[in-house]
Amino acid sequence: MAKREEYEQKTEKLLEPIMAAHEFELVDVEYVKEGGSWYLRAYIDKPGGITVDDCEIVNRELGDLLDRDDFIEESYILEVSSPGLGRPLKKERDFERSLGEEVEIRTYRMVNKQKEFRGILKGYDKETVTIETEQGGEQVFERANISLIRLAFDF
């Protein structure tokens, strides 16, 4: 297991009791390098949306646990935030919650001469994602070919 994945999994474990205590949902944890700095990011949510105060509470509690356990070797910046409007669907519960909703899909390789699709999420399993297109037909995508899937939003 890569160091990055190990850090993300350990951080998720630390977050579980914090999420339960505040009735928040852990959307994702990522450990990434951007512009020469490492970032440990936790994305949280709750019905009605996350506030800045919610993020501050989780940041403080998680920061204390990370200081105590001290398993990340590099220096890093801890960020806790809402997943935002462009929230990607990653986990099983993300897909379950989004059934019947409009999604955007980007693929790694061309499918029917395009790489961006939009439709209503109709189904999913470990291998595929199915959407209903605007024309009323269904289109099935191999999950291995999906670079991004998220809820669609219009401004």
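How many aromatic pairs does the structure hold? In this predicted model, the structure holds 5 aromatic pairs. In one of them, the ring centres of tyrosine 7 and tyrosine 31 lie 5.1 Å apart with the planes at 85°, and the pair is therefore edge-to-face. The two partners come from distant parts of the chain, tyrosine 7 from helix H1 (residues 3-22) and tyrosine 31 from strand S1 (residues 25-34), with their positions 24 residues apart in sequence. Tyrosine 7 is buried, at 2% relative accessibility, and tyrosine 31 is likewise buried, at 2%. A further pair is formed by tyrosine 7 and phenylalanine 71, whose ring centres are 6.1 Å apart; their planes meet at 50°, so this pair is classed as tilted. This pair, too, links distant parts of the chain: tyrosine 7 belongs to helix H1, whereas phenylalanine 71 is found in the loop between helix H2 (52-69) and strand S3 (76-81), 64 residues away in sequence. Phenylalanine 71 counts as buried, at 16% relative accessibility, a value that falls under the 20% limit for that class. Through ring pairs, Tyr7, Tyr31, Trp38 and Phe71 are joined into a cluster.

Aromatic rings also take part in arrangements with arginine side chains. Arginine 41 is placed over the face of tyrosine 39, 4.6 Å from the ring centre. Arginine 143 is placed over the face of phenylalanine 95, and here the distance to the ring centre is 4.4 Å.

The overall architecture comprises 3 helices and 8 strands. Read from the N terminus, the elements follow the order α-β-β-α-β-α-β-β-β-β-β. The C-alpha trace spans about 55 × 35 × 30 Å along its principal axes. Of the 155 residues in the chain, 40% are buried. The chain exposes about 9500 Å², of which carbon and sulfur atoms supply 47%. Among contacts between residues at least 6 apart in sequence, 53% join residues at least 24 apart.

An open sheet of 5 strands is present, with antiparallel pairing and the order S7-S6-S5-S4-S8. Strand S7 (138-142) and strand S8 (146-151) occupy the edges; each has a single partner strand, so one side of each is left without a neighbour in the sheet. From one strand to the next, the twist averages 45°. Within this sheet, strand S5 (residues 114-124) pairs with strand S6 (residues 128-132) in the antiparallel sense over 4 bridges. Leucine 121 is positioned opposite isoleucine 131 of S6.

The pairing of S6 with S7 is also antiparallel and extends over 5 bridges. Threonine 130 has valine 140 in S7 as its bridge partner. The hairpin of S6 and S7 has 5 residues between the strands, and in this hairpin glycine 136 adopts a positive phi near 95°. The side chains along S7 alternate between two faces. Gln139 and Phe141 point to one face and are buried, while Glu138, Val140 and Glu142 point to the other and are not.

Two further buried positions were examined individually. Serine 98 is located in helix H3 (residues 92-98). Its relative accessibility is 2%, and serine 98 therefore counts as buried. Apart from residues up to four places away in sequence, serine 98 touches Leu89, Leu121 and Leu151. Leu121 is the residue described above as standing opposite isoleucine 131 in S6.

Aspartate 28 is part of strand S1, the strand that also contains tyrosine 31. With a relative accessible area of 12%, aspartate 28 is buried. When neighbours within four places in sequence are set aside, aspartate 28 is in contact with Arg41, Ala42, Tyr43, Lys90 and Lys91. Arg41, listed among these contacts, is the arginine that lies over the face of tyrosine 39. From C-alpha to C-alpha, aspartate 28 and glycine 123 are 22 Å apart in space, and they are 95 residues apart in sequence.

Technical notes: Residues numbered from 1 in each chain as written. Predicted model: local features only at pLDDT ≥ 70, side-chain atom pairs only at ≥ 80, totals over all residues. Heavy atoms only, no water. Pairing = 2+ DSSP bridges. Axes fitted to C-alpha atoms, helices over the stretch in contact; angles between N-to-C directions. Buried < 20%, exposed > 50% of the residue type's maximum accessible area, 1.4 Å probe, protein only. Contact = heavy atoms within 4.5 Å. Phe/Tyr/Trp six-rings, centres within 6.5 Å; stacked < 30°, edge-to-face > 60°. Lys NZ or Arg CZ within 6 Å of the ring centre and 35° of its normal. Areas by Shrake-Rupley, 256 points an atom, 1.4 Å probe, with all protein chains shown as cover.
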